[in-house]
Amino acid sequence: MQSVLQPKLPNNPAWRAFQVAIETDYPAIGFYHARLDLYVISAVEVAEQEIGPEYHLSISKTKGPFSQPRRCSLTEAKLVCKQFGMEGSKEDNHSSIIRNYWMPVNESLIGIECECKDQEAVIREGDFEWRPLTQANADRAKALQGGE
């Protein structure tokens, strides 16, 4: 997919890019940092129609090439956000493993929180909070995307 809007790229050459198979209206690129064992998917996505396109970073950690992903620390996530130019982004997680950061492409909308945060149950685990996907939330997402 060709788009004027491109995912954020890291400012550190230690990140190695790889292709990801994600179907969206905008491009996505995967990155791996071998020393930190961090995986990042950098994308542009529309999660909220009112906000429009947003830069999105999904961050996870692994112990090796055949291990399951696990949650990275808040310190690691902040480092990633800094290296990808996403300082000031908002964390919004719907997985117990992956840290997700969002920042509107339209800079005047930076800092606006997704409405879902006030409407969904929160699970807190130390410095990590996430909102499990529910059928009600899935129905809401489908309606926002123009589905039935």
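## The helix and its two faces

Start with helix H1: on the face turned away from its buried side you'll find the exposed residues Thr75, Lys78 and Lys82. Keep in mind that this is a predicted model. The helix itself covers residues 74-83, and its buried residues are Glu76, Ala77, Val80, Cys81 and Gln83. These buried residues sit on the same side of H1, because they span an arc of only 165 degrees around the axis. There's a handy rule behind this sort of pattern: an α-helix has 3.6 residues a turn, so residues three or four places apart point the same way.

What lies over that buried side? The cover includes S1, S3, strand S4 (54-61) and strand S6 (99-104). After H1 comes glycine 85, which has a positive phi, near 65 degrees.

## The sheet

Now for the strands. Six of them make an open sheet, in the order S1-S2-S3-S4-S6-S5, and the pairing is antiparallel. At the edges are strand S1 (15-18) and strand S5 (90-91), each of which pairs on one side only. As a bit of background, strands of a sheet pair through backbone hydrogen bonds, either parallel or antiparallel.

Let's walk through the S1 end. S1 pairs with strand S2 (residues 28-33) through four bridges, in the antiparallel sense. You can pick out phenylalanine 18, whose bridge partner in S2 is glycine 30, and arginine 16, which stands opposite tyrosine 32 in S2. S2 then runs antiparallel to strand S3 (residues 38-45), with six bridges joining the two. Here phenylalanine 31 has valine 40 in S3 as its bridge partner. S2 and S3 form a hairpin with four residues between them, and in the turn aspartate 37 shows a positive phi of about 55 degrees.

## The nonpolar core

Which residues have the most contacts inside the largest nonpolar core? They are Val40, Leu57, Ile59, Val80, Phe84 and Met86, in a core of 17 residues. S3, S4, H1 and S6 each chip in at least two residues of this core. Valine 40 is a name you've already met, as the S3 bridge partner of phenylalanine 31, and Val80 is one of the buried residues of H1.

Take a look at methionine 86 too. Leaving aside its neighbours within four places in sequence, methionine 86 touches Lys8, Tyr55, His56, Leu57, Cys81, Tyr101, Trp102 and Met103.

## A buried glutamate

Glutamate 76 belongs to helix H1. Is glutamate 76 buried or exposed? Its relative accessibility is 18%, so glutamate 76 counts as buried, since the cut-off for buried is under 20%.

Who are its contacts? Apart from neighbours within four places in sequence, glutamate 76 is in contact with Leu36, Leu38 and Lys61. With lysine 61, the side chains are joined by a polar contact of 2.7 Å. The two residues are 15 apart along the chain, and their C-alpha atoms are separated by 9.4 Å.

## Cysteines without a bond

How many disulfides does a search of the whole structure find? Zero. For cysteine 72, the closest cysteine sulfur is the one in cysteine 81, and at 8.7 Å that is too far for a bond. A disulfide would need the two sulfur atoms within 2.5 Å. Cysteine 81 is in no disulfide either, with the sulfur of cysteine 72 as its nearest.

Both of these cysteines are hidden away: cysteine 72 is buried with a relative accessible area of 2%, and cysteine 81 is buried with a relative accessible area of 6%.

Definitions and conventions:
Residues are numbered from 1 along each chain as its sequence is written. This is a predicted model: local features need pLDDT of at least 70, side-chain atom pairs count only at pLDDT 80 or more; totals for chains, interfaces and linings use all residues. Side-chain values use heavy atoms; hydrogens and water are left out. Two strands pair if DSSP finds at least two bridges between them. Buried means under 20% relative accessible area, exposed over 50%, partly exposed in between (1.4 Å probe, protein chains only). The arc is that of the directions from the helix axis to the C-beta atoms. Contact means heavy atoms within 4.5 Å. A nonpolar core is a set of buried Ala, Val, Leu, Ile, Met, Phe, Trp, Tyr and Cys residues joined through side-chain atoms within 4.5 Å. A polar contact is a pair of N or O atoms within 3.5 Å; within protein, one must be able to donate a hydrogen and the other to accept it, and residues adjacent in sequence count only if both atoms are side-chain atoms.
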